[in-house]
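Open the structure in your viewer and keep the selection panel at hand. The stops below say what to select next and what is there.

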Amino acid sequence: MISNGSVFEDDHLPDPIVGRNSHMNEVTDALAPIEDGQRAENCFLFGPSGAGKTTVARAAVRELRREVLDVPYAYVNCWRDYTRNAVLERLSHDLVGTAVPRSASTSTLLDRVHRDFNGPGVVILDEVDQLRETELLYDLHEFRGLSWIGIANDEVDLLADLDERVRSRVSVGYRVTFDRYGEDTIAEIVRLRARAGLGPGAVSQEVCETIARLADGDARMGITTLRAAARKASSEGLSNIPKRLVKDSISEAEREIARKTYSKLTDHQRVVVDVLQEDGPLIQRELHERYSERHDDPVSLRYFRDAHLAKLEHYELVETESRSGKKLYSLAEPANIGRVAQP
Ligand SMILES: Nc1ncnc2c1ncn2[C@@H]1O[C@H](COP(=O)(O)OP(=O)(O)O)[C@@H](O)[C@H]1O
Ligand SMILES: [Mg+2]
């Protein structure tokens, strides 16, 4: 039944983008100065997962590159590349096409981009709340004509840790809030994805709506469920998805998403999952203590809470409950399964 599996992959950029016109307009407005050879305004997109943030950022850059051919562009996922050097390595690779390893000194990496980069250009900093060394944002400011689109789950103050002297020079011109999708939009996203990736007549409107209702405003959940349902239907020899398969497919999708999220965790976050797997539930201080015993280079309690625990909770790998006035952290159900499936 699956005729084109690539449309279900994370890096597939759909066309059209459904129901996000005003968000698209804000980001394309921010980037508009690039069409005149100028530096664009930085923007910051935030909202829950599966709300289309990465898609809108990439689609806005896709539009820009239709207008301004070959404008230098880089995509960095700060969850994976969270140090200053790691980001600079990507920039030297993607913006100026030279491979300088991240083990090179910061100044070598900076010099290379300064020497070879001709602005304007744009960088997407996805999951920018995971960036450890935010002085990188000042480095970007120093590259002539470079602007960025930062993406995070919450409206964090990205510039909070920057030195006073440089803080005032880095500005965020546009802030764009993403809410969860409504059911109708998810149903439409699912319907179009089915049309692109499954055989004709594979889903009814009713199935799209059922998936949308259960996906709870999360387009990633909707699309992953659609694929899981298509696989189940195929294995039963069917050429369309019956409604009865949707419910199990949601649970399947939750596990699949948890597994994928687990595979993206930093070594700090993995230690947290391991500790909770073995000793949870725990209160925050205990959790931080056990983590610190196990990690060679543990972060402070504050950073641990704001960057790591917040991220794990956000992606629903970790959950909290209150018991006699104490907030206890434990592993969420799909994460347990994900952990077992991927030791
Ligand atoms: N407006 C949209 N139209 C079509 N597909 C979308 C839309 N928004 C999200 N998607 C799809 O949903 C999935 C998750 O979207 P993504 O942009 O990665 O969400 P976020 O970055 O907010 O977590 C992707 O597969 C993406 O293609
Ligand atoms: Mg994203």
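Start with the largest nonpolar core of this predicted model. The core holds 33 residues. Select Leu91, Val123, Leu125, Leu140 and Phe143, which have the most contacts inside it.

Next, colour the elements that build this core. The strands β1 (43-46), β2 (73-77), β3 (121-126) and β4 (146-152) each supply at least two of its residues. The helices α3 (84-94), α4 (106-116) and α5 (135-142) do so as well. Which element gives the largest share of the core? That is α5, with four residues.

Now select Val123 alone and show what surrounds it. Leaving aside residues up to four places away in sequence, Val123 touches Ala74, Val76, Leu91, Leu95, Leu146, Ser147, Trp148 and Ile149.

Move on to a second core, separate from the one above. This second core has 31 residues, including Ile186, Ile211, Ile223 and Leu245.

Then colour the chain by domain: domain 1 covers 5-177, domain 2 covers 183-260 and domain 3 covers 265-341. Over C-alpha atoms, the centres of domain 2 and domain 3 are 31 Å apart.

The last stop is the second largest pocket. Select Asp129, Val156, Tyr303, Asp306 and Ala307, the lining residues nearest its centre. Which domains supply the lining? Domain 1 and domain 3 each give at least three residues. The pocket contains about 520 Å³ of space, and 22 residues line it. Coloured by class, the lining shows nine charged, eight nonpolar and five polar residues.

Methods. Residues are numbered from 1 along each chain as its sequence is written. Chains are lettered from A and ligands numbered from 1 in the order in which they are written. This is a predicted model: local features need pLDDT of at least 70, side-chain atom pairs count only at pLDDT 80 or more; totals for chains, interfaces and linings use all residues. Side-chain values use heavy atoms; hydrogens and water are left out. Domain bounds come from an automatic or database domain assignment. A nonpolar core is a set of buried Ala, Val, Leu, Ile, Met, Phe, Trp, Tyr and Cys residues joined through side-chain atoms within 4.5 Å. Buried means under 20% relative accessible area, exposed over 50%, partly exposed in between (1.4 Å probe, protein chains only). Contact means heavy atoms within 4.5 Å. On a 1 Å grid over the protein atoms alone, a cavity is a set of points where a 1.4 Å probe fits but cannot get out, and a pocket is an open set with protein on both sides within 12 Å along at least five of seven lines; lining residues have an atom within 4 Å of a point. Grid points are joined across faces, edges and corners, and a volume is the space filled by probe spheres set on the points. Ala, Val, Leu, Ile, Met, Phe, Trp, Tyr, Cys and Pro count as nonpolar, Asp, Glu, Lys and Arg as charged, and the others, Gly among them, as polar.
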